[in-house]
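Me: I've got a fold open here and some labels I'd like to poke at. Can you walk me through where they come from?

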Amino acid sequence: EEKLIALESFKRIVAPFDGVVTARKTDVGALINAGSGQGVELFSVADVHEMRVYVRVPQAFAPELTVGLSAKLVLPGQARTFDAKLVTTSNAITAASRTILVELRAENPDGALLPGTFTEVHFQLPTPAHVLRLPTSTLLFRQHGLQVAVVGPDNKVVLKPVEVGRDLGTEIEVTSGVEPGDRVIDSPPDSITAGEVVKVAEPDVKPAAGTPKIAQSETVAGAPK
């Protein structure tokens, strides 16, 4: 009798947490072969009140991935963004991809984030005060290393060697070599030399305080002194 009562209790399935059924792999009238060890799961259930997001981040950014770091989630085709927080990392670099696995958590009170969704993750990384950003088009690849062309106070070109940090695609972080307020020439010709006199075409939009100015220039006199 006790065995029958125990078996009878298995007719009612209760999930261990509140959530939604994301997959039902059985139906009314189907034979459930208990105890065989060969059956598939009956249901898949997900708790969608808070979502876990996993993303692989390039190794160069690993030192800045601290617990509590903020991020924005951007879903394809949606204008709305979602806030997320970094909760942990794998603390190891994957050799094949040179990336580190990161786990984020995002509140999902209205269920707008669905399980299995792919998203873009935009990390809000703090930028050190001494690091400046320049377009990659300002770089000159010379025999003695990377340089940028800067317009001096007398409108003469000065070539400055620079040390670069992270490559951000269209921009590069410069750790030394230029100062805030420097007039850096964008897309300089390969033939540019120190001492050339240039005519500066000032941009319509003023740069933010503390950032180098990006100047478009044309050579007026090409005879360096």
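Me: Why is Val45 called partly exposed?
Reply: This is a predicted model, so bear in mind that every value here is computed from it. Val45 has a relative accessibility of 33%. Buried means under 20% and exposed means over 50%, so Val45 at 33% falls in between and counts as partly exposed.

Me: What makes Val45 eligible for a nonpolar surface patch?
Reply: Patch residues need over 30% relative accessible area and no salt bridge. Val45 has 33%, so the area condition is met. Val45 sits in strand S2, residues 43-46, and shares the patch with Ile13, Phe17, Val21 and Phe43. Together they make about 420 Å² of nonpolar surface.

Me: Why is the contact between Arg52 and Glu103 called a salt bridge?
Reply: Their closest N and O atoms are 3.8 Å apart. The cut-off is within 4 Å, so the pair qualifies. Arg52 lies in strand S3 and Glu103 in strand S6 (residues 99-107), so the salt bridge ties together parts that are 51 residues apart in sequence.

Me: How do you know whether Arg52 and Glu103 are buried or exposed?
Reply: Arg52 has a relative accessible area of 53%, and exposed means over 50%, so Arg52 is exposed. Glu103 has 11%, which is under the 20% limit, so Glu103 is buried. Both residues also belong to a network of salt bridges, together with Glu50 and Arg105. A search of the whole structure finds eight salt bridges.

Me: What makes Asp83 and Lys72 a salt bridge?
Reply: The N to O distance is 2.5 Å. That is within 4 Å, so the label holds. Asp83 lies in strand S5 and Lys72 in strand S4, so this pair ties together parts that are eleven residues apart in sequence. Lys72, at 29% relative accessibility, counts as partly exposed.

Me: How do you know that S4 and S5 pair?
Reply: Five bridges join S4 (residues 70-74) to S5 (residues 81-94). Pairing takes at least two, so the two strands count as paired. They run antiparallel, and Ser70 stands opposite Lys85 in S5.

Me: What makes S3 and S7 edge strands?
Reply: Each of them pairs on one side only. They belong to an open sheet of five strands with the order S3-S6-S5-S4-S7 and antiparallel pairing. S3 covers 50-58 and S7 covers 120-123. Neighbouring strands of this sheet are turned by 35° against each other on average, direction ignored.

Me: Does the same go for the other open sheet: which are its edge strands?
Reply: S8 and S12 (163-167) are the edges, as each pairs on one side only. The sheet has three strands in the order S8-S13-S12, with antiparallel pairing. S8 and S13 pair over four bridges, and at least two are needed, so that pairing is called on the same rule. Within it, Leu132 stands opposite Val174 in S13.

Me: How do you know that S9 and S10 pair?
Reply: Four bridges join S9 (residues 139-142) to S10 (residues 145-151). With at least two required, they count as paired. They run antiparallel, a hairpin joins them through two residues, and Arg142 stands opposite Gly145 in S10.

Me: Why is Thr138 called buried?
Reply: Its relative accessible area is 0%. The limit is under 20%, so Thr138 is buried. Thr138 lies in the loop between strand S8 (132-135) and S9. Its side chain reaches the backbone oxygen of Pro135 at 2.7 Å.

Me: What about Lys160 and Asp182: why do they count as a salt bridge?
Reply: They meet at 3.1 Å, N to O, and the limit is within 4 Å, so they count. Lys160 has a relative accessible area of 23%, so Lys160 is partly exposed. Asp182, at 14%, is under 20% and therefore buried.

Definitions and conventions:
Residues numbered from 1 in each chain as written. Predicted model: local features only at pLDDT ≥ 70, side-chain atom pairs only at ≥ 80, totals over all residues. Heavy atoms only, no water. Axes fitted to C-alpha atoms, helices over the stretch in contact; angles between N-to-C directions. Patch = residues over 30% accessible without salt bridge, like charges linked within 9 Å, V, L, I, M, F, W, Y side chains within 5 Å. Areas by Shrake-Rupley, 256 points an atom, 1.4 Å probe, with all protein chains shown as cover. Salt bridge = Lys/Arg side-chain N within 4 Å of Asp/Glu carboxyl O. Buried < 20%, exposed > 50% of the residue type's maximum accessible area, 1.4 Å probe, protein only. Polar contact = N/O pair within 3.5 Å; in protein donor to acceptor, adjacent residues only side chain to side chain.
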